[in-house]
Amino acid sequence: MNVRISHTASAQKFLEDASGLLNEGGNPRAKALIYRILRDSVNIIEDLEVTPQEFWKAVNYLNELGARQEAGLLVAGLGLEHYLDLLMDAEDAQAGKSGGTPRTIEGPLYVAGAPLSNGEARLDDGVDPGVVLFMQGQVKNTDGKPLAGAVVDVWHANTGGTYSYFDASQSEFNLRRRIVTDAEGRYRFRSIVPSGYGCPPDGPTQQLLDQLGRHGQRPAHIHFFISADDHRHLTTQINLDGDKYLHDDFAYATRDELIAKITFSDDQRRAREHGVSGRFAEIEFDFTLQSSAQPDEQHRNERVRALES
Ligand code: MBD
Ligand code: FE
């Protein structure tokens, strides 16, 4: 028996009252959003005949999600963060903005204020016994002109798939650096080859993914914010070719143009040139930025981030 009341005048008035639409105070945007959320919520409850047990289970789920600080992880896993990218891509297409390295999601694990250096950096603290990685490339504009003084803000996981700051066992800013490109627009860094990420198996995000019959794994990847004066800020990642989850990312971040070839080498002459011994890996990847005269486009979107003032 599907009983509905949301269409009645009294129910609609009730939702308007609960959203503050009948008073003068508050914020009109907040009222409009909450009114829509309440209307859609009661529609879901009525359409899908949500039981009180299911409703309170969902309320408790939100508490768990917050307590575990996993809201940012869940929106990535449900594809909503990727959906925002698709929407921004469509907006760009409509506005005639094209070219350059594609955007892809930031994810929930950025930490602001990583050490800044010129041209090159070592990202790892030497603790992780992973394969040494040398990555380098150029930041350019859409005409192919190198951009000197661009900032390459890079972060990635260790061989356990965990990120410093969120994994308190790692040193401060491990695997996180900001590198300013040199006169030829070049950056280069030494690090270790990251492993893919997996959602905490005992957390609320994985609990929900289990209900959907989905895994919570990401391929090995490296995150970047790329910025330069008079150019559009770029939030992106590279995904390492050959990873089992390359085209099965639970956060849907992989894009064809962002698949980076990684070359492993045992050539000890070349290792010595790099100042290391043993097996090492190399990645070359260039980033291309669209030019922009709009200051709001030149910076990353506002979002609550760790250590960001
Ligand atoms: C990550 O490392 C990540 O990049 C995303 C999007 C979600 C969870 C962990
Ligand atoms: Fe990540």
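**Briefing: charges, domains and an iron site**

The protein carries 32 positive and 46 negative side chains, and the centres of those two sets sit 2 Å apart. Keep in mind that this is a predicted model. The chain splits into two assigned domains, and an iron ion (ligand 2) is held by one tyrosine and two histidines.

**Overall build**

- Count up the secondary structure and you get 7 helices and 12 strands.
- The C-alpha trace stretches about 80 × 45 × 35 Å along its principal axes.
- Domain 1 takes in residues 1-50, while domain 2 runs over 74-298.
- Measure between the C-alpha centres of domain 1 and domain 2 on the model and the separation comes out at 41 Å.

**Packing and surface**

- Of the 309 residues in the protein, 42% are buried.
- Take the contacts with a sequence separation of 6 or more: 71% of them are between residues 24 or more positions apart.
- About 17,200 Å² of the protein is exposed, and 52% of that comes from carbon and sulfur atoms.

**The iron site**

- The donors to the iron ion (ligand 2) are Tyr 163 through OH, His 221 through NE2 and His 223 through NE2, at 2.0 to 2.1 Å.
- Written as a sequence pattern, the spacing of these donor residues is Y-x57-H-x1-H.
- Tyr 163 and His 223 tie together distant parts of the chain, 60 residues apart.
- Tyr 163 belongs to the loop between strand 4 (151-156) and strand 5 (176-180), whereas His 223 is part of strand 7 (residues 221-227).
- Tyr 163 has a relative accessibility of 3%, so this donor counts as buried.
- His 223 is buried too, with a relative accessible area of 3%.

**Positive phi in the strand 4 to strand 5 loop**

- Phe 173 is found in the loop between strand 4 and strand 5, and its phi is near 60 degrees, a positive value for a residue that isn't glycine.
- Because its relative accessibility is 13%, and the cut-off for buried is under 20%, Phe 173 goes down as buried.
- Leu 175 also has its place in the loop between strand 4 and strand 5, and this non-glycine residue has a positive phi of about 65 degrees.
- Leu 175 is buried as well, with a relative accessible area of 1%.
- So what does this loop hold? Tyr 163, a donor to the iron ion (ligand 2), lies in the loop between strand 4 and strand 5, as do Phe 173 and Leu 175.

Methods:
Residues are numbered from 1 along each chain as its sequence is written. Chains are lettered from A and ligands numbered from 1 in the order in which they are written. This is a predicted model: local features need pLDDT of at least 70, side-chain atom pairs count only at pLDDT 80 or more; totals for chains, interfaces and linings use all residues. Side-chain values use heavy atoms; hydrogens and water are left out. Helices (H or I, at least four residues) and strands (E, at least two) are DSSP runs, numbered from the N terminus. Buried means under 20% relative accessible area, exposed over 50%, partly exposed in between (1.4 Å probe, protein chains only). Contact means heavy atoms within 4.5 Å. Accessible areas come from the Shrake-Rupley method with a 1.4 Å probe; for residues, only the protein chains shown count as cover. Lys and Arg count as positive and Asp and Glu as negative; His and the chain ends are not counted. The place of a charge is taken as NZ of Lys, CZ of Arg, CG of Asp or CD of Glu. Domain bounds come from an automatic or database domain assignment. Donors are N, O and S atoms within 2.8 Å of the metal (3.2 Å for Na, K and Ca); water is not among the atoms, so sites may look incomplete.
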